[in-house]
Amino acid sequence: MSNLPVTERDLFVVGTGIAGMSAAVYAANRGLSVTQAGSTGEIVFSSGLFDVMAVHPVEEKKLWDNPWEAMAAVSADMPNHPYAHVTREDVEKAYGELFDFLSKFGLEYRMEKDANSKVLTPIGTEKTTWAVPATMWAGVEAFKNNASTLLIDFEGLREFSAKQVATTIGDKWSNLKTMRLTFPDSASMKPILTGIMAQSMELKETREKLYDLIKPHLDGVEAVGVPAILGIYTADEILEEMEKELGVKVFELPTLPASVPGMRLKSLFEGRISTLGVDLKLQNKVFSITPLEDGRYEVTFGVQAPTEKVVAKGVVLATGRFLGGGLFADRHHIVETVMGLPVSQPADREEWHRTDLLDPRGHKVSSAGVEVDSSFRPVDENGEVVHERVFAVGSLLAHQDWMRMKCGTGIAVASSLRAVEAFVAQQ
């Protein structure tokens, strides 16, 4: 591998999920040269909703109206949780910088600064979250105000049922009625999927046909909800046009993954991050990261075998957990896959899972990961920093069950910003 082409960079980011993309944005915004490598990432599986903190303690399933109070409680009760290393200001700054990037390319978010919001899931249950795509915000307000709302689904679309949503949430949203339509020109869609429908909605002709189908059913209606299909690239513009044409508020509801909001994030990050100067290497696997005597790191990567080499002053590992490939479990223990970093985990595999699959406390394996210091540098079992300029961020981190606690994206962005700023301070 000594004959591989070599590039020098300030920072190498491993991973292309929310944490990896955020880290690359933050680093580029601070004038650092960045190479980023990874697969398509887990972003496409995202609902598009951005959390801070919603559930704590998980065994009590306590929901918090104020995410910052929840975050403070977690930091006090769980001193090893990633949030114990950051402040509210860190999280707000990280989200603000990320939202500025997304907004620049037409993807807007809405939130109440000091309160979580309720968003309906594809099955009609409530999801407590903080920041919501602008295309979903009217639904948050309509639900909160019990507005007279028409919820629409489409013939042949198996991902979303308006009737199921209405049946599940009916006792909390009494002014909700449903209707099923045939999506324009859907006879040529085999199968009918939200992603295909969203691409079709980029066409003016499709939108006009859909408006004509909806307009006769708007008597007494204040808002119209549809599954997330309002385009891939121009969703906010389509929303504005649709509200103007129908004369009522319009909103999207999340759908099952892989969802259109996830596709929008993926498309925007992958298509626009290069405008910041980031050298993005999609579908590339990192094969090795080797510390050099001068304090830098040699990173080899490629599609099926190492074909390129970067020598970087620092490395950010945003590789995720098991789905993202950052962690791997064999019959005996859990390992970190890129650098062989120490992993905090139960001492015995028998402790990974509780007897009851639905145990309200969750499973200990869900909190396995890499332990870090306050700068998000990995540490060993004695709390000693393993590599001076290697940082671990996002769901790779130990002592957090982000799926149950509803804090995944908050941890991702805050840890990424803190890591990048710590690296900058080292220079």
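Which helix and strands each supply at least two residues of the lining of the largest cavity? Keep that in mind as we walk through this model, which is a predicted one. The elements to look for are strand S4 (117-120), helix H4 (134-145) and strand S10 (249-253).

Let's stay with that cavity for a moment. Rolling a probe the size of a water molecule over the atoms shows where empty space is left. Here the count comes to two cavities of 30 Å³ or more, and the largest has a volume of about 80 Å³. If you want to find its walls, look for Lys118, Val119, Leu120, Met136, Gly139, Val140, Phe143, Trp173, Phe251, Glu252, Leu253 and Pro254. H4 gives the largest share of this lining, with four residues. Sorted by class, the lining has nine nonpolar residues, one polar residue and two charged ones.

Now for the second largest cavity, which holds about 30 Å³ of space. Its lining is made up of Leu107, Tyr109, Pro133, Pro261, Arg264 and Leu265. This time the largest share, three residues, comes from H9. Five of the lining residues are nonpolar, none is polar and one is charged.

H9 comes up again when we turn to helix H3. The buried residues of H3 pack against helix H9 (260-272), and also against helix H1 (18-29), helix H2 (67-77), strand S3 (109-110) and helix H11 (408-426). Which residues of H3 are the buried ones? They are Asp90, Val91, Ala94, Tyr95, Glu97, Leu98, Phe99, Phe101 and Leu102.

H3 also lets you check a bit of helix geometry for yourself. This helix has 17 residues (88-104), so at 1.5 Å a residue it should span 24 Å. Its end C-alpha atoms are 24 Å apart, which agrees with that figure. Just after H3 you meet glycine 106, which takes a positive phi of about 90°.

That brings us to some backbone details worth a look. Most residues other than glycine have a negative phi, and most peptide bonds are trans. With that in mind, where does this chain do something else?

Start with the peptide bonds. The one from lysine 190 to proline 191 is cis, with omega near -5°. You'll find proline 191 in the loop between strand S8 (176-181) and helix H6 (194-200). Another cis peptide bond joins proline 257 and alanine 258, and its omega is about -5°. Alanine 258 sits in the loop between S10 and H9. We've already met both of those elements: S10 helps line the largest cavity, while H9 gives the second largest cavity the largest share of its lining.

Then there are the positive phi values in residues other than glycine. Histidine 399 has a phi near 65°, and its place is the loop between strand S17 (390-392) and helix H10 (402-405). Is histidine 399 buried or exposed? The answer lies in between: histidine 399 has a relative accessible area of 22%, so it counts as partly exposed.

Move along past H10 and you come to lysine 406, in the loop between H10 and H11. Its phi is positive too, near 60°. Lysine 406 is likewise partly exposed, with a relative accessible area of 28%. From there the path leads to H11, one of the elements that the buried residues of H3 pack against.

Conventions: Residues numbered from 1 in each chain as written. Predicted model: local features only at pLDDT ≥ 70, side-chain atom pairs only at ≥ 80, totals over all residues. Heavy atoms only, no water. Expected span 1.5 Å × (residues − 1). Buried < 20%, exposed > 50% of the residue type's maximum accessible area, 1.4 Å probe, protein only. Contact = heavy atoms within 4.5 Å. 1 Å grid on protein atoms, 1.4 Å probe; cavity = no way out; pocket = protein on both sides within 12 Å on 5 of 7 lines; lining within 4 Å. Points joined across faces, edges and corners; volume = space filled by probe spheres on them. Nonpolar A, V, L, I, M, F, W, Y, C, P; charged D, E, K, R; others polar.
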